[in-house]
Amino acid sequence: MIRIVTLDEYDPAILKALGKALYTAFAVGAEHSGSVTIPPGQVEPYDANKLLDALPKVQAFADDKVLYLTTRKLSPRKLASGEAPTAGITRYKGQRAILSSSVIKNLNPDTVKTLARYAMQEIGHAFGLHHCLDPRCAMYPSWTPSYPQGEASFCVFCRDTSEAVIRQTKS
Amino acid sequence: MPDVTPAPAAPLPVLNLSVGDRVVYPNQGLCNVTEIATDEIAGQKLVFVTLRFVETGGIVKVPKDKLAKNGVRRIATPDDVKKVFEFLRSDSERASLDWKKRARDNTERLSIGGLIGLAEVVKGLQVLSELRPLPPKEREQYNDARHLFVSELAAALNCTEADAEDALDVVLFPPGKERPKRSIEEFQGLMGDDLLGDDLLGLDGEAGAGEEEPEEKEKDEESSEEEGDDEDAPKKKPAKAAAEKPKKKLDLDTETTVAQGAALDGPAPKKRGRPPKPKPEPVAGAEPEAPKKRGRPPKAKPAEAEAPPAAPKKRGRPPKAK
């Protein structure tokens, strides 16, 4: 089960369309599971790692994936090899992921597929997928210029890998 | 006669580990040293190091003397990581176009190459993917190498795996830039690869072969239909297939590429085996023979079939005799 938890207000149509896109991609139920507020002490643009650690827990099963969705910006991360633009971050093979929809201009039910593409990448990381070489795949690095134009779908390899992982989950 | 016995290999350094150390087991990933104890096996007392895999939780016991031989090594240091990033930034890595050589090199790098070996595999296959999509097995190998690299990088830099992977991809996929399109000329001239053609890109053995199979099957079916029930047909198939096989198939073996290429230019090779039976020429004006039906002929109907059918046998106990 993929639980979408909002940190800000979203159009219910967008959340419904996002849940549908995630269900299509992973063949796992996806639904809006409520809202939480950002804990105090955080300043926009947020440090994605710190924010993800500070967010309140949501009731979920062990195999559930929780996607926190926010309209606010996440700051680029300074890494050993350079600065990485950050639309979202996930605990690899973990349960929690955060995604900022600020990277998408004019978010509406018609452009929700771009949001779904970003969300698929974060949930894919939570299922243990790495970045992909195929520019059409949702697991392609999200900071590339062509990424937002792509479809919300996986390449064959990533789809097979995610299906294999999901088959092995206990619940 | 000169002595041809090889010189003894230099002894591998003994890895001095203590409980709590983190090491990398080749092709498996990160391990924690959980125990070092002496066990007696077959009368021999050996010091065993117990390693627990971080990812799976599996346990393996390795004799201390064989740690280095098995390729167990310590986690890369930050200096090693810097060198690896420098290597990844350079545009020097080109995977061989010969898939056999590439597979051999990559397997060796994954097992004994250390962090730089993993980086070479990732970079090489990533650059190759800019020329053409990777075949499934290499795609899997790329994923494995990336997974091992990211987990070791995260341990070396003491960061999350998400950050480690993004640190790698910031170099491989620089932000704001699309990946370049490679041309075949960039890969040629490496270790004799200039002799190879497009057909040695590695797809022939896997994906390419699959695409060509239906055509070959159709040809075989056609030929078998023409020849009817001829018993020699299966024997002729390989020879015919070899003669009709496209150049791609012939060039699969690197070592014989040139020789086979030269043979293609010369006269056609003599076919082996019995020559095909000459087909009788059709007589002008005569109707063509109906095609011979294949399979077992239908059973002849028994003569009794024309007799009126017998009355159906009554079921149950026969009536008592009066």
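**Exercise 1. The salt bridges of A:R77**

Task: In this predicted model, determine which residue of chain B forms a salt bridge with A:R77 at 2.5 Å, and which does so at 2.3 Å.

Solution.
Step 1. Start with B:D163. This residue forms a salt bridge with A:R77, and their closest N and O atoms lie 2.5 Å apart. The rule accepts a side-chain nitrogen of Lys or Arg within 4 Å of a carboxyl oxygen of Asp or Glu, so the pair qualifies.
Step 2. Turn to B:D166. A salt bridge also links A:R77 to B:D166, with 2.3 Å between the closest N and O atoms. This pair crosses between chains, running from strand β4 of chain A, where A:R77 lies, to helix α6 of chain B, where B:D166 lies.
Step 3. Place the two pairs in the count. The rule finds three salt bridges across the interface of chain A and chain B, and over all chains the count comes to 18.

**Exercise 2. The extent and make-up of the interface**

Task: Establish how many residues each chain brings to the contact, and what area the two chains bury between them.

Solution.
Step 1. Count the residues. Chain A contributes 27 residues to the contact, and chain B contributes 32 residues.
Step 2. Consider the area. The size of an interface is often expressed as the accessible area lost when the parts come together. Between them, chain A and chain B bury about 2400 Å², of which 58% is on carbon and sulfur atoms. Within chain A, the residues losing the most area to chain B are A:H130, A:L133 and A:F157, which together account for 29% of what that side buries.
Step 3. Count the polar contacts. Between chain A and chain B there are 13 residue pairs in polar contact, both residues being at pLDDT 80 or more.
Step 4. Assign the side of chain A to its elements. At least two residues each are supplied by β4 (77-79), β5 (82-84), β6 (88-90) and α4 (156-168) of chain A. The largest share, three residues, comes from β5(A).
Step 5. Sort this side by class. The residues of chain A that touch chain B comprise 14 nonpolar, nine polar and four charged.

**Exercise 3. The largest cavity**

Task: Describe the volume of the largest cavity and the residues that line it.

Solution.
Step 1. Search the whole structure. Two cavities of 30 Å³ or more are found, and the largest holds about 160 Å³ of space.
Step 2. Identify the lining. The largest cavity is lined by 17 residues, those nearest its centre being A:G88, A:E122, A:H125, A:H131 and B:D166. Two or more lining residues come from each of β6 and α3 (112-126) of chain A and α6 (161-172) of chain B.
Step 3. Sort the lining by class. There are six nonpolar, seven polar and four charged residues.
Step 4. Link this to Exercise 1. B:D166, among the residues nearest the cavity centre, is also a salt-bridge partner of A:R77.

Note on methods: Residues numbered from 1 in each chain as written. Chains lettered and ligands numbered in written order. Predicted model: local features only at pLDDT ≥ 70, side-chain atom pairs only at ≥ 80, totals over all residues. Heavy atoms only, no water. Contact = heavy atoms within 4.5 Å. Buried area = accessible area lost by both parts, 1.4 Å probe. Polar contact = N/O pair within 3.5 Å; in protein donor to acceptor, adjacent residues only side chain to side chain. Helix = DSSP H or I, 4+ residues; strand = E, 2+ residues; numbered from the N terminus. Nonpolar A, V, L, I, M, F, W, Y, C, P; charged D, E, K, R; others polar. 1 Å grid on protein atoms, 1.4 Å probe; cavity = no way out; pocket = protein on both sides within 12 Å on 5 of 7 lines; lining within 4 Å. Points joined across faces, edges and corners; volume = space filled by probe spheres on them.
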